[in-house]
Amino acid sequence: MDSLLNDQRPPVFCPGCSHERITHTLDKALQKMGRGGNQVVIVSDIGCSGLFDTFFHTHAFHGLHGRALTYATGLKMAQPDLTVVVTMGDGGQGIGGAHLLAACRRNLNLTLLILNNFNFGMTGGQFSATTPTAAQVGSGFLNQLERPLNICQVARSAGAPYVACYSAFQQDLADKIQRAIEFEGFSVIDIWGVCPGRYSKKNRLTPKLIDEALSEVPCQEGIVSENVRHEYSQHYQKLAKDQKPASPPLHIETTCDPPQPDRQEVLLLGSAGQRIITAGEIMCLAGLSAGLHTTQKNEYNITVLRGPSISEMILSPEEIDFTGIDDPSVIVALSQEGVERRKELFAHLDTGTTVIQVDGVQLPSTRARVRAMDLKSWGIRKNNWALAALGVLAKMNLVINLDMLKSALKVRFTGKNLEESLLLVDQIKISL
Amino acid sequence: MARSLMEGNEAIARGAVAAGCRFFAGYPITPATTIYNNMLNLLPPLGGIVLQGEDEIASIGFCLGASMAGMKVMTATSGPGISLYSEHISFAIGSEIPIVIIDVQRLGPSTGSATRGADGDINFLRWGNSGGMPVIVLAPVDIKDCIRLTMHAFNLAEKFRCPVFIASNKEIAMTRESIDVDALDLPDQIERCSPPAGKPYFPFQVTEGQHVPGFLPIGGKVLVRQTSSTHGQNGYITTDHGEIARILNRLQFKLESAIDQFSFYDLLPAQGSDTLIIAYGVTARAAKAVYKEFNQHGVPISLLILKTLWPIPANTIRKAVRKMKRVLVLEMNLGQYVHEIERLLPDISLDFYGQMNGQLITPAKIKERLAIG
Ligand code: SF4
């Protein structure tokens, strides 16, 4: 197979830079695999290693510092047959640390070559995540304070199924890279090299010294058996196939008439766990069955099972513009903390508003008509109070009626839940 | 007639799928999370891809990769996530990568309030990229817009090869609303244009008279180069100042010269009125309620609802203010877009009401403001 090197753009690294050697080695590996340029994308990071893509006659994606793995992930998911090789320096590995961990956990079939030369070459030799504490670099004494990262160890513990650490100078590097690319899953190769332009000016580093240093690093080579598992993209396709198609939005036919001809605003003031939002939704669905426009605005705390929960509904024969409530026809006071959240409202109300007051909830003074409901003595459980209140309204023919409510329950619930909710509504007896 | 009940975020997800979106990546954040939830329900059964990134930077990075592989992509977040998207927004602008970005705005600054609405990112969306290049920002008013404008957003992203933002708001995103889906007037799908056949491909070359380069996917037969560096039309780094200027000027020109093609708005004029309200987003609904009430009572005021905010639809705004003596601008922030309008209309008496407390601007507040003038 032909070389995939770009004959128009020969490498321009400093003399003696390991990156140049690795450029040729990667080309050799791709040649041996018989890959054509359009079957490969080189995704490069920032820094001297970021020049990699330009030296190859392949697809190329050169992006922002540390983010190369993110583009590679999108490319590979969209084009599973593409060979995706990511080149990144020790700098990119540091700034993109979260992406490296995630890629190890994900196990998408990408190959990451970390061109590790122990410093930021391009910007003047500052220390990186792999700079030894004893090195003299462009960051003054700061590298003495931070422990260098063992990339292989990190990649292994994060779940990468193929991890290796090599010298840029070793003769069989092309074979090693080929094996990593051929591996069906995420492979990380930490390649140690020299940066004569910056690092090795003050820090003696030769192929021999690299070999010695590598022999001291515990790094088993290649497949990490305990991490071998499904490749992400194939696994994704497999699981996605079993997902049921999403249902289209439910169309609710108009089957009944609303009890009032004009815009009605309703406030449910309750607590988390009282199924306030569900009751609000049911009221809106009831509105739809009477051909009305509806909106539902909710307010609740971020904590799931604590705090006030408030739902504001509007049902109107006209299109609804403003979705806030300033003149409610009905307020259902289901809990004290719910009422507290809207307590300033009660002073403005007049007899046009009906307040359904669940037993035990104190109301601020108000001129609204108040109707007390002792849901507890009816034996209705607290998480059904909001639903029961809808039953009360339906029986009063206020905002909704029984036809509307029952058709909404049939839309919202099925099976046992539906039976129970219908029973609950029937159970409600009010004296008019 | 049959209506459905849906929240704004579901409407955006459904609009995206209808526009041909098959790749979504996101990171959970209130109040945008339900877009992710909905995409997760909708896309995988259609053979589409949904990913959860390790952070927002990864989510949008996945999208940029997939978009360059030829897919229609979307991501969704809120203010804190938009902040993290910033470097990739710049990338998408400078390297002409189509992407739809949903910003479900919540009250800022910073972490702010996750469940309170605001329109505080309007200028951030425009100016939050290094280089200060223009972007397209569409602002939905209601659930219908969530579907319609999202579809337009995809079409614009594909057509102009740029990021397109939907500036939503918690108050639209998480409000459920009735909608007659079948009655919507929806746009047809537009696809990226291909380069002219039979010629060597240069990824950033435009054909004579065009302002957007033809697209080929990474992974196809023809080699494609993408780069975040300052590039020439061949996709390699260049130092040729002439070529740099040509490309960067084109990035600005391709959007700003075309704004009249995609200036979406509702102009509600009133006979004999000399007062115009300008509003966008959820605030436009309160303004519309006031507009209806005033005109029913024989007090003519006009209303301009802007749905394309960036690039500035100068002609739309200038036309609407003709014959107006007074213009009232409303915003759910302390005054951002109003300065753009000010710049456009130096001779008009401009009034402003802004509110940033996590609550909707009410019709009563607007009426109060009108009475003061
Ligand atoms: S600065 Fe270092 S890494 Fe960069 S090209 Fe020169 S030798 Fe290579």
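Start by colouring chain B by pLDDT, the predictor's confidence in each residue, from 0 to 100: the mean for chain B is 97, and 99% of its residues reach 70 or more. The model as a whole scores ipTM 0.97 and pTM 0.98. It is a predicted model, in which local features need pLDDT of at least 70 and side-chain atom pairs count only at pLDDT 80 or more, while totals for chains, interfaces and linings use all residues. Residues are numbered from 1 along each chain as its sequence is written, chains are lettered from A and ligands numbered from 1 in the order in which they are written, and side-chain values use heavy atoms, with hydrogens and water left out.

Stay with chain B and select its two domains, whose bounds come from an automatic or database domain assignment: domain 1 covers 1-262 and domain 2 covers 264-370. Their centres, taken over C-alpha atoms, are separated by 27 Å. Here 34 residues of domain 1 of chain B are in contact (heavy atoms within 4.5 Å) with 25 residues of domain 2 of chain B.

Now switch to chain A, where domain 1 is 18-241 and domain 2 is 264-426. The centres of these two domains of chain A, again over C-alpha atoms, are 59 Å apart.

Next, show the ligand and the residues around it, meaning those with a heavy atom within 4 Å of it. You should find F13(A), C14(A), C17(A), H19(A), C48(A), N117(A), G121(A), C195(A), P196(A) and G197(A). How many of the shell residues are nonpolar, polar and charged? Six are nonpolar, four polar and none charged, where Ala, Val, Leu, Ile, Met, Phe, Trp, Tyr, Cys and Pro count as nonpolar, Asp, Glu, Lys and Arg as charged, and the others, Gly among them, as polar.

Then select L214(A), in helix α8 (residues 207-216) of chain A; helices (H or I, at least four residues) and strands (E, at least two) are DSSP runs, numbered from the N terminus. L214(A) is buried, with a relative accessible area of 15%; buried means under 20%, exposed over 50%, and partly exposed in between (1.4 Å probe, protein chains only). Leaving out residues up to four places away in sequence, L214(A) touches C165(A), Y166(A), S167(A) and W192(A). The C-alpha atoms of L214(A) and S167(A) are 7.7 Å apart, with their positions 47 residues apart along the chain.

Finish at the open sheet of nine strands, ordered β8(A)-β1(B)-β9(B)-β10(A)-β11(A)-β9(A)-β12(A)-β13(A)-β14(A), with mixed pairing. Its edge strands, β8 (252-253) and β14 (369-373) of chain A, each pair on one side only; two strands pair if DSSP finds at least two bridges between them.
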